[in-house]
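This report describes selected features of a single protein chain. The sequence and coordinates are displayed first, and the discussion follows by topic.

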Amino acid sequence: MTSGTDRDMIDALIEAISAPHEAGTLEAKALSYRMRRIAHHLETRMRRELAPQGIELWELEMLACLRRAEPGCRLSAGELMRQLQLTSGAVTNRVSRLAAKGWVTREVDEADRRSVSVVLTEEGRGRAKAVFGGKTETEREVFSPLSRERQRRINEDLRTLLLALEGPVA
């Protein structure tokens, strides 16, 4: 763990831009910069971990999203858009790529023939399960400098922000 006197790159950046900004603005800027940099580090490490296993992070995220879906590991394209924060074109493209690998299928909804569900295949489920451990270990490693209590407090604060931005889950 670092002491309270250690400076990071963001401290230097905030110091350089501090003149025209008030303290509250500087805190928000510092938090924004730090969150983006941490997200970048996390994503870079995950990609590096997954690459030798022949799977990309976006593929694993879509497989995981479908794996959590009840009943039957299936979601509509609209629900995938909402959960993964993607455009309809991105969902269509990604589903096509995963279908070509045999990891998902598209199935027409019997109740509404205009609606199509994306369904995780057994092969897709197995592929995701085979690589989940590496992703989990990377997450644990990145946040290991923080105690569990500190991680819990940060999680609570970030949940508050997400609820303000996105609202609660139905």
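## Strand pairing in the sheet

Strands E2 and E3 are paired in the antiparallel sense over five bridges. The model in which this pairing appears is a predicted one. E1 and E3 are also antiparallel, and their pairing runs over three bridges. Together, three strands make up an open, antiparallel sheet with the order E1-E3-E2. Strand E1 (74-76) and strand E2 (104-108) are the edge strands, each of them pairing on one side only. On average, neighbouring strands of the sheet are turned by 30° against each other, with direction ignored.

Individual residue pairs can be assigned to both pairings. On the E1 side, Arg-74 stands opposite Val-119 of E3. On the E2 side, Val-104 stands opposite Leu-120 of E3, and Glu-107 has Ser-117 of E3 as its bridge partner.

## Helix H4 and the setting of E3

Which helix packs on the sheet, touching E1 and E3? The helix in question is H4 (residues 77-84), and its direction makes about 90° with that of E1.

Strand E3 is largely enclosed by the rest of the structure, because four of its five residues are buried. Ser-117 belongs to this strand, which spans residues 116-120. Ser-117 has a relative accessibility of 11% and therefore counts as buried, the cut-off being under 20%. Residues up to four places away in sequence being left aside, Ser-117 touches Arg-74, Leu-75 and Ser-76, and also Thr-105, Arg-106 and Glu-107.

## Backbone features in the loops

The loop between helix H3 (57-68) and E1 contains Pro-71. The peptide bond that leads from Glu-70 to Pro-71 is cis, and its omega is near -5°. Cys-73 is placed in the loop between H3 and E1 as well. The phi of Cys-73 is positive, at about 50°, although this residue is not a glycine.

A positive phi in a residue other than glycine is also found at Gln-85, where the value is near 55°. Gln-85 is located in the loop between H4 and helix H5 (88-100). Are these two residues buried or exposed? Cys-73 counts as buried, since its relative accessibility is 6%, whereas Gln-85 is exposed, with a relative accessible area of 60%.

## A nonpolar surface patch

Seen from the surface, another feature is a nonpolar patch of about 630 Å², made by Leu-31, Met-35, Ile-154, Leu-158, Leu-161, Leu-162 and Leu-165. Helix H2 (23-50) and helix H7 (148-166) are the elements that give two or more residues to this patch. Which of the elements gives the most to the nonpolar patch? It is H7, with five residues.

Among the patch members, Met-35 lies in helix H2. Its relative accessible area is 38%, so Met-35 is classed as partly exposed. This value also satisfies the accessibility condition for patch membership, because that condition asks for over 30% relative accessible area.

Note on methods
Residues are numbered from 1 along each chain as its sequence is written. This is a predicted model: local features need pLDDT of at least 70, side-chain atom pairs count only at pLDDT 80 or more; totals for chains, interfaces and linings use all residues. Side-chain values use heavy atoms; hydrogens and water are left out. Patches are made of residues with over 30% relative accessible area and no salt bridge: like charges are joined within 9 Å, nonpolar side chains (Val, Leu, Ile, Met, Phe, Trp, Tyr) within 5 Å. Accessible areas come from the Shrake-Rupley method with a 1.4 Å probe; for residues, only the protein chains shown count as cover. A salt bridge is a side-chain nitrogen of Lys or Arg within 4 Å of a carboxyl oxygen of Asp or Glu. Buried means under 20% relative accessible area, exposed over 50%, partly exposed in between (1.4 Å probe, protein chains only). Contact means heavy atoms within 4.5 Å. Two strands pair if DSSP finds at least two bridges between them. Axes are lines fitted to C-alpha atoms, for helices over the stretch in contact, and angles run from 0 to 180 degrees between N-to-C directions.
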